[in-house]
Amino acid sequence: MLSGHPAKMPPPDVDRNEMESKGLAVTSTLTSWVGPWGISYSANITSDDSGIGTWSEDQFLFAIRNGKLKGLPGSRMLLPPMPWQAFRNLTDDELKAMFAYLKSRKRTKMVGKIF
Ligand code: HEM
């Protein structure tokens with residue numbers, strides 16, 4: 001529901017050989033991804049303050065266009081498989097519509113629930 005990887009869920013237990021043959025492995029929650037770069041945990045992008053609740057529209061456009069965490073110039077690059085290199089080609093209106101949709105969704109905090 002867009003709230004990212006559950007904070008208390010243990011790291012994915014991945015078969016390294018399978019991961020290397022496929023190039024990438026993902027947990028059944030689709031919230032943690034393992035590949036040659038390490039592990040990425042899907043971010044909370046609900047309208048909660050722990051998600052994109054406090055973001056400005058400009059921050060969202062900056063995050064997608066430049067691949068920067070939290071849409072802040074000094075932050076680290078977004079990790080794979082977040083496809084920002086493709087999404088950066090969307091128009092301003094398309095990105096603004098996506099941001100408006102995310103802002104309209106209910107707030108969901110990151111929780112420790114194990115699925
Ligand atoms: C319209 C679709 C999508 C939107 C609007 C979106 C939006 C975002 C945003 C704004 C962030 C940054 C969150 C932050 O800085 O706190 C993010 C991170 C992330 N997204 Fe997406 N995303 C989308 C699709 C996807 C897809 C298809 C995948 C996986 C196949 C994905 C995987 C991730 C991951 C793993 C992160 C965390 C990256 C990191 O920690 O560096 N996203 N997404």
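Here are some questions and answers about a predicted model with a bound ligand.

User: Which protein atom is the donor of the iron atom of the ligand, and at what distance?
Analyst: Start with where the residue sits: M82 belongs to the loop between α2 (57-66) and α3 (84-87). M82 is also among the residues that come nearest to the ligand. As the only protein donor of the iron atom, M82 uses its SD atom, at 2.2 Å.

User: Which residues come nearest to the ligand?
Analyst: The ligand has 18 residues around it. By class, that shell divides into 14 nonpolar, two polar and two charged. Out of the 18, the ones that come nearest are L69, K70, R76, L79 and M82.

User: Which pocket does the ligand take up?
Analyst: Residues around the ligand number 18, and 14 of the shell are nonpolar. As for the space taken by the ligand, that is the largest pocket.

User: How far is the polar side-chain atom of R76 from an oxygen atom of the ligand?
Analyst: Oxygen atoms of the ligand have backbone partners too: a backbone N or O atom of K70 lies 2.6 Å from one, and a polar backbone atom of L79 is 2.7 Å from one. With R76 the contact comes from a polar side-chain atom, and the distance to an oxygen atom of the ligand is 2.6 Å.

User: Which residues does the cis peptide bond join?
Analyst: Most peptide bonds are trans, so a cis one deserves a look. Here omega is about 0°. One of the two partners, P81, is in the loop between α2 and α3, and M82 has its place in that loop as well. The cis bond joins P80 and P81.

User: What is the phi of L30?
Analyst: Most residues other than glycine have a negative phi, so a positive one stands out. L30 is found in the loop between β1 and β2, in the turn of a hairpin with five residues between the strands. Its phi is positive, near 60°.

User: What is the order of the three strands in the open sheet?
Analyst: Strand β1 (residues 25-26) pairs with strand β2 (residues 32-35) over two bridges, in the antiparallel sense. Strand β3 (residues 38-41) is antiparallel to β2 as well, joined to it by four bridges. Put together, the open sheet has the order β1-β2-β3.

User: Why is one side of β1 and of β3 left without a neighbour in the sheet?
Analyst: The three strands form an open sheet with antiparallel pairing. Each of β1 and β3 has a single partner strand, so one side of each lacks a neighbour, because β1 and β3 stand at the edges.

User: Which residue is the bridge partner of V34 in β3?
Analyst: V34 is also the bridge partner of A25, while V26 is matched with W33 in β2. On the β3 side, G35 has G38 as its bridge partner. For V34, the bridge partner in β3 is I39.

User: How many residues join β2 to β3 in the hairpin?
Analyst: The hairpin of β1 and β2 has five residues between its strands. In the hairpin that joins β2 to β3, the number of residues is two.

Key
Residues numbered from 1 in each chain as written. Predicted model: local features only at pLDDT ≥ 70, side-chain atom pairs only at ≥ 80, totals over all residues. Heavy atoms only, no water. Near = heavy atom within 4 Å. Polar contact = N/O pair within 3.5 Å; in protein donor to acceptor, adjacent residues only side chain to side chain. 1 Å grid on protein atoms, 1.4 Å probe; cavity = no way out; pocket = protein on both sides within 12 Å on 5 of 7 lines; lining within 4 Å. Sits in = over half its atoms within 2 Å of the grid points. Nonpolar A, V, L, I, M, F, W, Y, C, P; charged D, E, K, R; others polar. Donors = N, O, S within 2.8 Å, 3.2 Å for Na, K, Ca; no water. Pairing = 2+ DSSP bridges.
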